[in-house]
Amino acid sequence: MTPVDNLFVRSHMGVPEIDADTWTLTVEGLVERPLRLDLPAVLALPAGHLTAVHECFGSPFRPDVPTRAVTNVEWTGFPLAALLDRAAPLPAARHVVFEGADTGSFHGEDGLSYVKDLPLETAHRAVFLAHGMNGAPLRARHGHPLRAVVPRMFGTNSVKWLTRIVLTDERPEHLFTTTFYTRTPPGEDTPRPVREVDVNSKILSPAPDAELLPGTLTFRGRAWSATEVTRVELSVDGGPWEPATLDALGAEPTWQGFSLRRTLRPGPHTVRSRATDTAGRVQPPPGARNSVHEVSFSCPSHVLRG
């Protein structure tokens with residue numbers, strides 16, 4: 001698990017001030033039975049846990065720049081399906097729109113709220129509504145009192161400070177749905193919303209620019225994808241790709257640890273990691289947002305043991 005103090009924080013319009021005593025969540029739009037729940041009603045719902053990897057897509061202005069801001073979190077809450085089933089979507093409903101309490105101006109547009117959407121079938125199956133994180137209530141900066149969590153999708157889809165869930169028959173035209181957070185897949189002409197995470201890996205040890213004792217070292221890191229990662233390979237000092245030991249994916253959509261032991265001589269070194277998932281996707285060479293991860297470090301001769 002990633003300690004809460006180490007989690008990245010991203011917000012486009014700042015952290016809203018929310019009075020938990022007056023906060024409500026509505027489920028509305030194309031439903032038979034609109035709902036309005038206050039916080040005690042939300043907390044009274046049967047709660048469960050979901051452990052999942054959570055990755056930031058990065059700046060909407062630089063969608064191809066790698067960030068690898070990624071965490072692994074245990075969320076406490078309940079499936080969105082529990083509310084959708086109570087509200088009873090009408091036959092015309094095709095999409096679920098999530099709206100947060102964060103409002104303001106962004107990229108020259110005023111009066112915005114943060115809005116994302118998902119197909120109804122996907123939202124019903126995948127979305128988890130969380131009021132806790134790593135065994136404690138959500139902090140304000142992470143979405144208190146309630147946020148959406150969409151495992152296997154980039155964090156931009158996991159709306160914080162959730163206040164409205166609206167079922168519609170069409171996707172909303174909005175700065176954060178159809179302008180930003182879209183990308184055009186190779187060989188296609190039409191932009192698609194940024195949703196499923198890419199296959200990716202990150203070397204955690206050694207740290208960049210570390211100075212280590214020469215000898216036998218263990219490289220360690222984490223790999224993740226929208227599905228199971230089946231192989232991680234490391235390349236040391238530009239050498240051939242070598243298979244690392246990879247943890248199996250369990251029942252939950254978490255990241256997977258990997259490791260490889262190597263003996264290194266004194267001098268500068270680099271190590272790269274490359275992951276492959278069950279869909280056959282492989283981390284691409286440098287230049288892509290999920291390109292192979294590289295860390296440079298050194299084993300100075302002056303730190304040799306006497």
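Two strands count as paired if DSSP finds at least two bridges between them. Keep that rule in mind for what follows, since much of this structure is told through its strands. The model is a predicted one.

Strand β7 is a good place to see the rule at work. Its L129 has A148 as bridge partner in β9. β9 covers residues 147-149, and its pairing with β7 is antiparallel, over 3 bridges. β7 also pairs with β4, again in the antiparallel sense, this time over 5 bridges. There, T76 has G132 of β7 as its bridge partner. G132 appears once more in the pairing with β8, where its bridge partner is P137. β8 is made of residues 136-137 and pairs with β7 over 2 bridges, antiparallel. β7 and β8 form a hairpin with 2 residues between them. In that turn, N134 has a positive phi of about 50°.

How is β7 placed with respect to the rest of the structure? Residues 128-133 make up this strand, and 6 of the 6 are buried, so β7 is largely enclosed by the rest of the structure. Buried here means under 20% relative accessible area.

Now step back to the whole chain. The secondary structure comes to 4 helices and 20 strands. The C-alpha trace spans about 75 × 45 × 40 Å along its principal axes. For 306 residues, a compact globule would have a radius of gyration near 19 Å; the chain has 22 Å, which agrees. Buried residues make up 49% of the chain. Consider next the contacts with a separation of 6 or more: 71% of them come from residues 24 or more positions apart.

Move on to the later strands. One open sheet has 4 strands in the order β13-β14-β18-β17, and the pairing is antiparallel. The edge strands are β13 (200-205) and β17 (245-246), each of which pairs on one side only. Inside the sheet, β14 (residues 215-224) and β18 (residues 256-264) run antiparallel and are joined by 9 bridges. G221 has F258 of β18 as its bridge partner. In a regular strand, side chains alternate between the two faces of the sheet.

F258 leads to another residue worth finding, L234. Its contacts beyond four places in sequence include F258, along with F219, L260 and W241. Others in that list are P240, E242, A244, V271, R272 and S273. Is L234 buried or exposed? L234 is buried, because its relative accessible area is 0%, and the cut-off for buried is under 20%. Its C-alpha atom is separated by 9.5 Å from that of H293, which is 59 residues away along the chain.

L234 is found in strand β15, residues 229-236. β15 is joined to β19 by 7 bridges, and the two run antiparallel. One of the pairs there is R231 with T276, its bridge partner in β19. On to β19 itself, which covers residues 267-277. Of its 11 residues, 8 are buried, so β19 is largely enclosed by the rest of the structure. β19 is also joined to β20 (residues 293-299) by 7 bridges, and these two strands run antiparallel. In that pairing, H269 stands opposite F297 in β20.

The pockets come last. Rolling a probe the size of a water molecule over the atoms shows where empty space is left. The largest pocket holds about 850 Å³ of space. Which residues lie nearest its centre? They are R183, R195, E196, D198 and R281, out of 32 lining residues. By class, the lining divides into 17 nonpolar, 5 polar and 10 charged residues. Both α3 (120-126) and β12 (192-193) supply at least two residues of this lining. The largest share, 4 residues, comes from α3.

The second largest pocket holds about 360 Å³. Its lining has 27 residues, and F8, R10, S11, G155 and K160 lie nearest the centre. This lining divides into 12 nonpolar, 10 polar and 5 charged residues. β4 (residues 70-79) supplies the largest share, 3 residues. That brings the tour back to its start, for β4 is a strand that pairs with β7.

Methods:
Residues are numbered from 1 along each chain as its sequence is written. This is a predicted model: local features need pLDDT of at least 70, side-chain atom pairs count only at pLDDT 80 or more; totals for chains, interfaces and linings use all residues. Side-chain values use heavy atoms; hydrogens and water are left out. On a 1 Å grid over the protein atoms alone, a cavity is a set of points where a 1.4 Å probe fits but cannot get out, and a pocket is an open set with protein on both sides within 12 Å along at least five of seven lines; lining residues have an atom within 4 Å of a point. Grid points are joined across faces, edges and corners, and a volume is the space filled by probe spheres set on the points. Ala, Val, Leu, Ile, Met, Phe, Trp, Tyr, Cys and Pro count as nonpolar, Asp, Glu, Lys and Arg as charged, and the others, Gly among them, as polar. Buried means under 20% relative accessible area, exposed over 50%, partly exposed in between (1.4 Å probe, protein chains only). Contact means heavy atoms within 4.5 Å. The radius of gyration is taken over C-alpha atoms; the globule rule is 2.2 Å times the number of residues to the power 0.38.
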